[in-house]
Structures are given as C-alpha cells and as structure tokens.
Amino acid sequence: MRRPATPPVVVVGAGVAGLSVALSAAPREVILLDPGGIGSSRLAQGGIAAALAAGDSVRAHVADTLQAGAFHNDAAIAWSVIGAAPDAVAWLQVMGVGFDRDGQGLQLGREGGHGVHRIVHAGGDRTGECVVAALQARLARAAHVHRRTGASVQSLLMRGRNVAGVEVRGDDGRIEVIEAGAVVLATGGLGALFERSTNAETTSGSGLALAMAAGAHTRDLEFVQFHPTALDADGPRLPLITEALRGAGARLRDHRGRRLMRGRHPLGDLAPRDVVSRRVWEAGRDGPVWIDATGLTPGWERAFPTVAGTCRAHGVDPRTQPIPVTAAAHFHMGGIATDALGRTSVPNLFAVGEVACNGLHGANRLASNSLLEGVVCGRWLGAHLRLAPARVSHEDAFRTVALGEGLGASALATVRRTLWHAAGPVRTKLALASAIREIRAMAASGWQARVAQAVLEAALQRPASLGAHWRVDA
Ligand SMILES: Cc1cc2nc3c(=O)[nH]c(=O)nc-3n(C[C@H](O)[C@H](O)[C@H](O)COP(=O)(O)OP(=O)(O)OC[C@H]3O[C@@H](n4cnc5c(N)ncnc54)[C@H](O)[C@@H]3O)c2cc1C
C-alpha cells in the first residue's frame, strides 16, 4: 500500500476536466489515473463557447444557455461558469492550444441554440484532440503530477463516511491501493449505455456507479442529450457529423429531399438539439434522414477534416452526396450532484466534468458548453484542492466500496437496446416501466445495469416533458 506523508489528490480520468484539475492543483501532489482509450474530450469537434465577439456578451451567452436548458438550470452557476469563459479560453492559449484564427482574431463558429457566432475551435473540427494534446504536454512538464496510464479505478476506499483513497487495477491486472486526501471523479458521461451513441465504449458511467455505491447524491439523471446528426452506420460508436456543419450552411433533409426543419423552429436547422433530435427520430421512421452539404462553398471540407474523413471512410463523398444521419445519445446533463467546486455529498469525494451535475446545463446542454465546464470547473476545483486540502481521519478502519463486476457482452447489449428504446429521444410511461422491470432483474449482475436502472427510474418519475426529456404521453 502506498502511504505518503501528505496524502495526495487522486484524479480519476484524464479528459479535459481531469487534466484541468491536475494542472491547477499545483503544488499539491496529484496522481492522475488514465486508463487510456478515448474519452469524450478527444472526440469533441465543434469547440468551446465564449462571449468574445464584438456585440456578444456574457448575458447573451447565459440567456442562450438557460433557454436551451429549459430554465431548469442553476442560473447562478450558469452566470459564474459562462462569466469565466473568456478567461478559460485565454488560459488554454497559455497552455499551448492554438485556436483557429482569421483576419479579426480568433475565428468564431456558430452552433445550435446560440444566437451569435461564439465557438472557438482548433484544427478545424479537431478541437478536443488539440486541447487534450496541449494539456497533456503541459502535464508532462508538471512536477506535481504523477500520471498513471493503464490504471482504472475498481473501488473507493472509505474511512467511516469519508473517502480516503482508491483501489486501482493496472493493465497487468494487479490491484493497488492508493491512499488520498481527496478523490476527484472526472470519468465522463454514460452515453455508451445507449445502443446508438456518439460516445466511446468506455464512456459508460463507471464513475457515477462508484459514487452511487458510496451513497453520493445524484441529480437530473433523466436528462440525456441526443445528438441529431451522428453518422448512420454500424458499430458501437457512431461518428459525429458536427453541428458546426449546419452552422456553415448544411441542411437536414428527409427521405424525399425536403427540408426537415423548415417551419419547425425559428432557428431552423440550428434549433436546440432536443428539438432537432426528435425531428430526426420522427422522420427516421419514414425513411433515411440526410444532412446535405453539397451546396456549401467548394473547399468547405478543409475546415471539417474529421467530417470529410469519416464520410469517406464510410463510402460517402460529402461534396457530392448527402450524408445519412441518425439521432444518438451524446451527453449526460445529469450526474453526481455537486456544487460549483465539485463537492459531492460524500466528504473528500469530488466530481467534475460530464460525470458531475452542478446545474449548469439544466434539462439540455447548449452546444460547446461542456468542454468549457470541464476547463472552468476543473480549474476551480484544482485551486480549491490546492488551497484547502481535505482532512483525513485516521480513527476509522478502511473499508472498500466496489464497482463490482461488469456485465457480459450479451447482457450489456440488452441494457443498451433497452435504454435506447425506452429512454431515447421519445419516452412513454409504459416503455419506461417495462424497461425498469427488465433491467432490475439484471442489476445484481453488473454495475452498468444499476446505472441504467437509475436513469430509467428518474425518467419515469418525471411525467412531464422538459428539455431533452420528452414524454410523448405527457
Ligand atoms: C463526439 C463528441 C463530440 C463532442 N463535441 C463537443 C464540442 O465540440 N464541444 C463541447 O463543449 N463538448 C463536446 N462534446 C462533449 C464533451 O466532449 C464532453 O462532455 C467532455 O469532453 C467531457 O469531459 P470529461 O473530462 O468530463 O470526460 P472525458 O473526456 O470523457 O474523460 C473521462 C476520462 O475518465 C476515464 N475513466 C472512465 N472511467 C474510469 C475509471 N473507472 N477509472 C479510471 N478512469 C476512468 C476515461 O478513460 C477518460 O480518460 C462532445 C462529445 C462527443 C462524444
């Protein structure tokens, strides 16, 4: 067992949130656990929202955030996170992120739900990759951080009610116990628990499951954002066709070539994601749905290298052919309940980024507000841990709260299918109740089923539609 004189902070997860915490906690010792693989941060395409344009304001950005969130947001959190956005962009530049520029300065894109152009991006549509690479490069030079690759958390170590460390499984299967003064869950969302998802397979709610096992309060679990334009392909992770493509003028069309969003919302193709996703889901019942970029200015694909490459890899030339799309689970607004500093209801346990719910996103996230949340709240939490190290009580004996076994492949496929059909973009009481009965029977066999059950139960308990939670029987 590792027993340092001053217990370090253990940060679980190396996406944008975990990296921001780790970098900002200096000089406090940090052990950063990075199992490897792809989290959502590296997949992010569109960018980071910040009120930087002349004529834009924090007020306008907050207004768009609350509108998209169906006013279910914590307005005070929204004001503080969004108020910190310009500074977060400046910090990322200091960290080495080279955002794309034009003649006027930082180039600003526009996405659904935003009233103006306010999305900074890097490498065209490779924003997440560029941000993670820059933060990782900084981390490699940070003496206070020990990065442990191939390590995933299996259990939380508790002393009485306090979290006191983690049990980690390495690549080689060895289990190691690490004592810590604070444990930060930065493990990302749960999109991969849905059959159709833009998330990597590992983004399946393990941090949420651990926190639930430790008795942490959760919040808003029913609110899952579905992205309207994932590439309609086979495979566990559907590549994203970024909303920024619609921002650049691409249009959604139904199987007859008609404009899908015409007359449906004042913002048309750039309406909030829940509105567009439901439309794509509905239209998908009659035939394929397409996003048509063939009318864009020739050469557009240079600004969207990921989209262009993905399409070609699936046999579509987006310059001349419409791109087949489907709705897919994309982002979890709900999660472990926290305050602005990432404090959970369990002492010494913190959560930040997509696994956490501090109320910023309300019932539906405004596009490009989540990398922002990871950076802003990650920096706040890092500074908090630096200034106010958590106290450790040595009076109680250790006990462990374990994640437990995961489901086998066939049971996991059942959970994913059930969650997609019952708790997808369109929900009914009947489907939710029957899914709960099915999943409850599997809950003892794997933590994924327990997380799925919690999402279904939260969805059943909210009889009226709100934001991304759409009860067609309400
Ligand atoms: C395709 C796609 C495009 C997106 N585009 C944008 C965008 O343009 N702008 C925007 O703002 N948002 C975007 N999002 C959402 C955004 O990327 C995520 O919300 C955000 O990156 C989450 O960051 P995170 O650090 O909380 O989690 P992640 O980046 O998912 O990182 C989680 C980390 O935790 C690790 N982990 C998980 N479980 C364990 C465990 N048990 N033990 C140890 N480690 C564990 C993972 O390996 C990973 O390192 C997009 C999401 C997707 C999927």
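In this predicted model, a convenient place to begin is a salt bridge between the side chains of Arg440 and Glu457, with N and O 3.7 Å apart. The two residues belong to distant parts of the chain: Arg440 sits in helix 13 (residues 429-440) and Glu457 in helix 14, 17 residues apart. Neither partner is hidden away, since Arg440 is partly exposed with a relative accessible area of 47%, and Glu457 counts as partly exposed at 25%.

This pair is one of the 20 salt bridges that the structure holds. Another joins the side chains of Glu243 and Arg273, at 2.4 Å from N to O. Here too the pair links distant parts of the chain, 30 residues apart: Glu243 lies in the loop between strand 14 (224-231) and helix 8 (244-247), and Arg273 lies in helix 9 (residues 273-284). The setting of this bridge is a buried one on each side. Glu243 has a relative accessibility of 1% and therefore counts as buried, and Arg273 is buried as well, with a relative accessible area of 7%.

Helix 9 offers a further example. Arg279 forms a salt bridge with Glu282, and their closest N and O atoms are 3.4 Å apart. Because Arg279 and Glu282 are three residues apart in helix 9, about one helical turn separates them. Arg279 is buried, with a relative accessible area of 16%, whereas Glu282 counts as partly exposed at 33%. Elsewhere in the chain, salt bridges link Asp56, Asp64 and Arg118 in a network.

Attention can now turn from charged pairs to nonpolar residues. In soluble globular proteins, nonpolar side chains tend to be buried together. The largest nonpolar core of this model has 57 residues, and Leu33 and Leu156 are the ones that touch the most other members. Helix 14 (residues 447-461), already met through Glu457, supplies the largest share of this core, with nine residues. The core draws at least three residues from each of domain 1 (9-189 + 333-400) and domain 3 (407-474). Apart from this core lies another one, of 54 residues, among them Leu19, Ala85, Met95 and Ala134.

The surroundings of Leu156 deserve a look of their own. With its neighbours within four places in sequence left aside, Leu156 is in contact with Val163, Gly165, Val166, Val183, Leu210, Ala214, Leu349, Arg399, Thr400 and Val401. One of these contacts, Val166, leads on to a pair of strands, where Ile178 of strand 11 is the bridge partner of Val166. Strand 10 (residues 162-169) and strand 11 (residues 175-179) pair in the antiparallel sense over five bridges. The two strands form a hairpin with five residues between them, and Gly173 in the turn has a positive phi of about 85°.

A second set of strands can be followed in the same manner. Strands of a sheet pair through backbone hydrogen bonds, either parallel or antiparallel. In this case three strands form an open sheet in the order 3-7-6, with antiparallel pairing. Strand 3 (48-49) and strand 6 (108-109) stand at the edges and each have a single partner strand, so one side of each is left without a neighbour in the sheet. Strand 6 pairs with strand 7 (residues 119-120) in the antiparallel sense over two bridges, and the bridge partner of Leu108 in strand 7 is Val120.

On a broader view, the domain assignment gives domain 1 (9-189 + 333-400), domain 2 (228-329) and domain 3 (407-474). The centres of domain 1 and domain 3, taken over C-alpha atoms, are separated by 27 Å. Their contact takes five residues from domain 1 and four residues from domain 3. The size of an interface is often given as the accessible area lost when the parts come together. Between domain 1 and domain 3, the buried area is about 310 Å², with carbon and sulfur atoms giving 71% of it. On the domain 1 side, Ala70, His72 and Ala363 lose the most area to domain 3, together 78% of what that side buries. Across this interface of domain 1 and domain 3, zero salt bridges are found.

Conventions:
Residues numbered from 1 in each chain as written. Predicted model: local features only at pLDDT ≥ 70, side-chain atom pairs only at ≥ 80, totals over all residues. Heavy atoms only, no water. Core = buried A, V, L, I, M, F, W, Y, C linked by side-chain atoms within 4.5 Å. Buried < 20%, exposed > 50% of the residue type's maximum accessible area, 1.4 Å probe, protein only. Helix = DSSP H or I, 4+ residues; strand = E, 2+ residues; numbered from the N terminus. Domains from an automatic or database assignment. Contact = heavy atoms within 4.5 Å. Pairing = 2+ DSSP bridges. Buried area = accessible area lost by both parts, 1.4 Å probe. Salt bridge = Lys/Arg side-chain N within 4 Å of Asp/Glu carboxyl O.
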